[in-house]
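Visitor: I would like to learn how to read a structural model feature by feature, beginning with the whole chain and ending with single side chains. Could you take me through one?

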Amino acid sequence: QNCRRLQKLYLSTNCIREIGSSLTGLNQLEVLWIAENQLRSLEGIGAARSLTELNAASNRLVSIVGQFENTPNLRLLNLAGNRIHSFQEVLYLSRLRQLREFSFADPDWGENPICGLCNYVTFSLYQLPQLQVHDCMRISPEDHLAAEAAFSKKRLYYNMRIKMLNRQAADGLRDAKVFD
């Protein structure tokens with residue numbers, strides 16, 4: 001109740017297991033650091049609707065899908081050193097139009113399993129064209145253009161492969177019917 005004007009909150013290294021309703025009423029909170037805790041979810045983060053910076057690095061997060069629906073002003077997000085492993089998480093982040101700095105990896109907190117996936121950087125830059133900093137590296141407009149070109153070529157290649165495999169499967173089924 002007495003913290004309604006609170007704008008910055010640093011709770012790193014406190015063994016926090018969940019956010020829950022603890023941010024309710026903190027309508028002016030813009031910066032939240034909850035790194036090096038034991039969070040498995042960011043459920044409840046949406047109560048801080050004015051949030052522009054979140055550092056939730058080095059927790060136990062596996063997914064963030066659905067967690068930022070009420071934080072449209074988020075500009076800086078550090079999720080390094082968690083357990084995030086799917087491109088679905090990057091797709092979800094593409095909804096955050098104000099996001100300018102984003103990290104799934106950084107030298108201080110470590111990296112997520114997603115960082116080891118083929119085309120991780122290309123996919124991230126393609127899906128998040130507004131980024132200026134990705135995994136602690138400044139991103140130029142040329143980097144975004146290169147990612148877009150590479151993604152387009154890969155999409156074309158994989159679509160052709162899918163069509164070819166479908167054709168081969170149809171031919172195989174047709175040949176199998178001939179033998180019956």
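Guide: What follows goes from the overall form to the helices, and then to some asparagines and cysteines. Please keep in mind throughout that this is a predicted model.

Visitor: Which elements make up the protein chain, and in what order do they run from the N terminus?

Guide: One begins by listing helices and strands. The protein chain holds 3 helices and 9 strands, and, read from the N terminus, their order is β-β-β-β-α-β-β-β-α-β-β-α.

Visitor: How does the radius of gyration of the protein chain stand against that of a compact globule of 180 residues?

Guide: The general idea is to set the value beside a reference for the chain length. For a compact globule of 180 residues one would look for a radius of gyration near 16 Å, whereas the protein chain has 21 Å. The C-alpha trace, taken along its principal axes, spans about 80 × 40 × 25 Å. As for cover, 38% of the 180 residues count as buried, and the accessible surface of about 10900 Å² belongs to carbon and sulfur atoms for 51%.

Visitor: What span does H3 reach from its first C-alpha to its last?

Guide: A helix can be checked against the rise expected for each residue. H3, with 39 residues, reaches 57 Å between its first and last C-alpha, which is close to the 57 Å expected at 1.5 Å a residue.

Visitor: Which residues of H3 are buried, and what is included in their cover?

Guide: Here the helical repeat is a useful guide: an α-helix has 3.6 residues a turn, so residues three or four places apart point the same way. In H3 the buried residues are His144, Ala147 and Phe151, and H2 is included in what covers them.

Visitor: Is H2 largely enclosed or largely open, and why?

Guide: One counts the residues of a helix that fall under 20% relative accessible area. In H2, 6 of the 8 residues are buried, and therefore this helix is largely enclosed by the rest of the structure. The buried ones are Tyr120, Thr122, Phe123, Ser124, Leu125 and Gln127, and they pack against helix H1 (87-93), strand E8 (133-134) and helix H3 (141-179).

Visitor: Where is asparagine 112 placed, and what does its side chain reach?

Guide: For a polar side chain, one reads location, cover and polar partners together. Asparagine 112 lies in the loop between strand E7 (110-111) and helix H2 (120-127), and is buried, with a relative accessible area of 1%. Its side chain reaches the backbone oxygen of leucine 79 at 2.8 Å and the backbone nitrogen of asparagine 82 at 3.1 Å. Apart from residues up to four places away in sequence, asparagine 112 touches, among others, Ala80, Gly81 and Phe104.

Visitor: Is asparagine 55 buried or exposed, and which backbone nitrogen does its side chain reach?

Guide: Asparagine 55, in strand E3 (residues 53-55), has a relative accessible area of 3% and is therefore buried. Its side chain reaches the backbone nitrogen of alanine 57 at 3.0 Å. With neighbours within four places in sequence left aside, its contacts include Trp33, Asn78 and Trp109.

Visitor: How many disulfides does a search of the whole structure find?

Guide: The test is whether two cysteine sulfur atoms come within 2.5 Å. The search of the whole structure finds 0 disulfides. Cysteine 118 is in none, and the nearest cysteine sulfur, belonging to cysteine 115, is 13 Å away. At 66% relative accessibility cysteine 118 counts as exposed, while cysteine 3, at 43%, counts as partly exposed.

Technical notes. Residues numbered from 1 in each chain as written. Predicted model: local features only at pLDDT ≥ 70, side-chain atom pairs only at ≥ 80, totals over all residues. Heavy atoms only, no water. Buried < 20%, exposed > 50% of the residue type's maximum accessible area, 1.4 Å probe, protein only. Helix = DSSP H or I, 4+ residues; strand = E, 2+ residues; numbered from the N terminus. Polar contact = N/O pair within 3.5 Å; in protein donor to acceptor, adjacent residues only side chain to side chain. Contact = heavy atoms within 4.5 Å. Expected span 1.5 Å × (residues − 1). Rg over C-alpha atoms; globule rule 2.2 N^0.38 Å. Areas by Shrake-Rupley, 256 points an atom, 1.4 Å probe, with all protein chains shown as cover.
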